[in-house]
Amino acid sequence: MRVRTTAAVAAVSSLALLTGCGAADMTKQASPFANAQGSKTVTLSVQSWVGAQANVAVAQYILEHELGYRVDTVQVDEVPAWDALSQGRVDALLEDWGHPEQEQRYVKDKKTIAPGGGLGVTGHIGWFVPTYLAKQHPDITNWKNLNKYSHLFRTPESGDKGQLMDGSPSYVTNDKALVKNLKLDYQVVFAGSEAAQITQIKQFAKEKKPFLTYWYAPQWLFKKVPMTEVKLPPYKEGCDAVPEKVACAYPHTPLQKYLNANFAKDGGKAAAFLKKFQWTTEDQNEVSLMIAEQKMTPEEAAKKWVDSHESTWKKWLS
């Protein structure tokens with residue numbers, strides 16, 4: 001969601017809003033708790049996809065209930081989040097999918113942002129079809145055969161071309177370039193948000209209809225709608241360096257955390273904890289599923305996970 005990938009709640013402590021990246025951008029509003037010197041407050045940036053919400057929910061719960069901090073959360077889309085982090089309007093970003101330009105500018109040149117370590121989760125964006133379709137047409141999982149099946153994916157939005165469904169326009173995606181450069185008879189159609197995309201995928205699956213979608217892992221939806229990845233030309237380092245010339249697959253990206261540089265230095269126990277915060281794809285999906293599918297509040301989901309994984313999060317506090 002993502003120069004390299006993937007492949008982005010109004011200011012909400014509850015994080016209950018499960019809209020996609022098209023939700024209101026709060027980067028123009030500084031949290032009253034961000035970069036607050038000498039006070040036990042922390043402001044976390046939260047992207048609107050549910051995996052990012054799961055990270056923040058668990059981090060917030062532990063910061064509040066174990067370390068005694070007050071936590072504020074602010075929704076910021078992917079690239080603007082770097083600006084907000086640099087300016088101290090948020091203290092930490094817990095899931096970045098790879099933004100080399102921003103990393104060069106803020107981490108290496110300006111030194112206003114500090115690396116916070118790996119999240120422990122590897123992200124990957126790709127094109128997917130439902131597994132029931134892949135079983136019917138095994139060769140559909142090779143991009144070279146997509147034009148052969150483009151008629152199956154036509155929708156009113158895509159006209160006489162096949163539809164390649166993307167999420168929010170605010171996600172950084174190579175899909176339009178890929179369609180053009182691979183000479184595919186497809187039209188990229190944006191659902192508008194992760195939530196809208198999930199709704200469409202579920203509806204297609206319920207009716208056993210064909211669909212081709214930009215999607216990403218980790219993501220809880222794979223447990224509900226099995227999908228099979230379409231093999232694009234192999235990713236090689238630098239093959240996506242020029243956006244309009246991209247003709248390769250998305251990479252597998254170890255997801256990273258970043259902290260405001262001042263907070264990283266002077267943020268005390270909160271900063272130390274966030275640097276150590278690291279969990280698995282299975283952990284993130286467990287919390288995401290509780291939020292998105294079981295309709296638990298992020299706080300309820302975080303509490304349930306914390307109560308049953310003490311041996312994991314205790315290490316983050318040592």
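These are my notebook entries on the salt bridges and the disulfide in this predicted model.

**Entry 1. Salt-bridge count**

I started with the charged pairs. I counted six salt bridges. I looked at three pairs one by one, among them Asp139 with Lys148.

**Entry 2. Asp139 and Lys148**

I looked up the contact between these two side chains. Asp139 forms a salt bridge with Lys148, and their closest N and O atoms lie 2.9 Å apart. Next I checked accessibility on each side. Asp139 is partly exposed, at 26% relative accessibility. Lys148 has a relative accessible area of 52%. That value is over 50%, so Lys148 counts as exposed.

**Entry 3. Lys202 and Glu293**

Which residue does Lys202 pair with? I found Glu293, with 3.0 Å between the closest N and O atoms. Then I asked where the two partners sit. Lys202 is in helix 6, which covers residues 194-206. Glu293 is in the loop between helix 9 (281-292) and helix 10 (298-308). The partners are 91 residues apart in sequence, so this salt bridge ties together separate parts of the chain. I also noted how open each partner is. Lys202 has a relative accessible area of 33% and is partly exposed. Glu293 is partly exposed too, at 28%.

**Entry 4. Lys209 and Glu207**

I moved on to Lys209. Its salt-bridge partner is Glu207. The closest N and O atoms of Lys209 and Glu207 are 3.0 Å apart. I read 39% relative accessibility for Lys209, which makes this lysine partly exposed. For Glu207 I read a relative accessible area of 39%, again partly exposed.

**Entry 5. The disulfide**

I turned to the cysteines. How many disulfides does the structure hold? I found one. This disulfide joins Cys239 to Cys248, with an S to S distance of 2.0 Å. I also looked up the twist of the link. The angle about the S-S bond is 85 degrees, and the link of Cys239 and Cys248 is right-handed.

Is Cys248 buried or exposed? Its relative accessibility is 4%. Buried means under 20%, so Cys248 is buried. Cys239 comes out at 23% and is partly exposed. I therefore logged this disulfide as joining a partly exposed Cys239 to a buried Cys248.

**Entry 6. Recap**

My page now has the count of six salt bridges. For the link between helix 6 and the loop after helix 9, I wrote down Lys202 and Glu293. For the disulfide, I wrote down Cys239 and Cys248.

Technical notes: Residues numbered from 1 in each chain as written. Predicted model: local features only at pLDDT ≥ 70, side-chain atom pairs only at ≥ 80, totals over all residues. Heavy atoms only, no water. Salt bridge = Lys/Arg side-chain N within 4 Å of Asp/Glu carboxyl O. Buried < 20%, exposed > 50% of the residue type's maximum accessible area, 1.4 Å probe, protein only. Helix = DSSP H or I, 4+ residues; strand = E, 2+ residues; numbered from the N terminus. Disulfide = S-S within 2.5 Å.
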